[in-house]
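Please work through the exercises below with the sequence and the model at hand, and try each task before reading its solution.

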Amino acid sequence: MLEARMIEHCAPTLAGLKTANLFNYRFYSLQSLECELCEISGKLNKKGVFIEVMKLSDTHAMLYVYRRRKLDNDLKKEGVSELLEQYGYTGLHTGECLECLKGRLCRQQSFPHEIGVFLGYPLHDVIGFIEQNGKNCKYCGIWKVYADESEAIKMFARFKKCTTVYTRMFYDGRSITKLTVAA
């Protein structure tokens, strides 16, 4: 079941088109969740894709599926450290940043606005969202676009097509391992 949800919600990340995806997953027991995560991680870690439980309740887990190398690079981009420092991130080591993000997700009712950096959104759109309080965007797709609307629309179309193709291929019998592009 987790594999199907990952295909539906994370195909662009599995295909190497996007840094990360985040989604809620309903589980029936903590033990079954741990078994599923262990099994899938064993398959995907070899390809550079990792899964982190960001938030946990009795029946749901917020799962962050990401490409570590892409995230490392995103965190080193110009302007990212300055943005993250404003929200209490003290270093740019990926593990430390993820731990800080987990803490912020657990302490806040809403998503911390800097989360877009961790999902591979363009920094100017993350900053635009923060400065405009989520209003006045040029376009609204997977994220709210404040800068390069035409490039974002193309990207959204690629992500949608990828998800459609991956979903069809998965339900036609292709495994998540075969669908995941190696880093």
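**Exercise 1. Decide whether alanine 20 is buried or exposed, and state which residues surround it.**

Solution. In this predicted model, alanine 20 has a relative accessibility of 0%. The cut-off for a buried residue is under 20%, and alanine 20 therefore counts as buried. As the next step, place the residue in its element: alanine 20 belongs to strand E1, which covers residues 20-26. Then list its contacts, leaving aside the neighbours within four places in sequence: these are Thr13, Tyr64, Val65, Tyr66, Phe118 and Leu119. Finally, compare sequence with space: alanine 20 and arginine 68 are separated by 48 residues in sequence, while their C-alpha atoms are 8.9 Å apart.

**Exercise 2. Describe how tyrosine 64 and tyrosine 66 are arranged as an aromatic pair, and then do the same for phenylalanine 170 and tyrosine 171.**

Solution. A pair of aromatic rings is described by the distance of the centres and the angle of the planes. The structure holds seven aromatic pairs. For tyrosine 64 and tyrosine 66, the centres lie 4.9 Å apart and the planes make an angle of 20°, and this pair is stacked. Both tyrosine 64 and tyrosine 66 are buried. For phenylalanine 170 and tyrosine 171, the distance between centres is 5.4 Å and the planes stand at 80°, so this pair is edge-to-face. Phenylalanine 170 is buried, its relative accessible area being 16%. To complete the survey of aromatic residues, note that Tyr121, Tyr139, Trp143 and Phe156 form one aromatic cluster.

**Exercise 3. Work out how helix H1 is oriented towards helix H8, and which residues make the contact.**

Solution. Start from the axes: those of helix H1 (residues 2-14) and helix H8 (residues 149-171) come within 8 Å and cross at roughly 140°. That angle makes H1 oblique to H8. The handedness of the crossing of H1 and H8 is right-handed. On the H1 side, the contact is made by Glu3, Ala4, Ile7, Glu8, Ala11, Pro12 and Leu14, and on the H8 side by Phe159, Cys162, Thr163, Tyr166, Thr167, Phe170 and Tyr171. Sorted by class, the contact between H1 and H8 comprises ten nonpolar, two polar and two charged residues.

**Exercise 4. Describe the crossing of H1 with helix H2, and sort the residues in contact by class.**

Solution. The axes of H1 and helix H2 (residues 30-44) come within 13 Å and cross at roughly 35°, and this crossing is right-handed. From H1, the residues Leu2, Glu3, Met6 and Leu14 meet Glu36, Leu37, Glu39, Ile40, Lys43 and Leu44 of H2. The contact of H1 with H2 holds six nonpolar and four charged residues, with no polar ones.

**Exercise 5. Find how helix H3 lies relative to helix H5.**

Solution. The axes of helix H3 (residues 68-75) and helix H5 (residues 94-107) come within 10 Å, with a crossing angle of roughly 85°. That value makes H3 roughly perpendicular to H5. Leu71, Asp72 and Leu75 in H3 meet Thr94, Cys97 and Leu98 in H5, and by class this contact has four nonpolar residues, one polar and one charged.

**Exercise 6. State which residues of helix H7 are buried and what they pack against, and then examine asparagine 133 and asparagine 136.**

Solution. In helix H7 (residues 123-131), the buried residues are Leu123, Asp125, Val126, Gly128 and Ile130. The buried residues of H7 pack against helix H4 (80-85), helix H6 (115-118) and strand E5 (144-145). Next, move to the loop between H7 and strand E4 (139-140), where asparagine 133 lies. Asparagine 133 has a positive phi of about 55° although it is not a glycine, and it is exposed, with a relative accessible area of 64%. Asparagine 136 is found in the loop between H7 and E4 too, and its phi, near 60°, is likewise positive in a residue other than glycine. Asparagine 136 is exposed, with a relative accessible area of 61%.

**Exercise 7. Decide whether threonine 180 is buried or exposed, and list its contacts.**

Solution. Threonine 180 sits in the segment after helix H9 (176-179). Its relative accessible area is 2%, so threonine 180 is buried. Apart from neighbours within four places in sequence, threonine 180 is in contact with Leu14, Leu44, Lys47, Val49 and Arg67.

How values were computed. Residues numbered from 1 in each chain as written. Predicted model: local features only at pLDDT ≥ 70, side-chain atom pairs only at ≥ 80, totals over all residues. Heavy atoms only, no water. Axes fitted to C-alpha atoms, helices over the stretch in contact; angles between N-to-C directions. Helix = DSSP H or I, 4+ residues; strand = E, 2+ residues; numbered from the N terminus. Parallel < 35°, antiparallel > 145°, perpendicular 65-115°, else oblique. Left-handed = near helix turned anticlockwise from the far one by under 90°. Contact = heavy atoms within 4.5 Å. Nonpolar A, V, L, I, M, F, W, Y, C, P; charged D, E, K, R; others polar. Phe/Tyr/Trp six-rings, centres within 6.5 Å; stacked < 30°, edge-to-face > 60°. Buried < 20%, exposed > 50% of the residue type's maximum accessible area, 1.4 Å probe, protein only.
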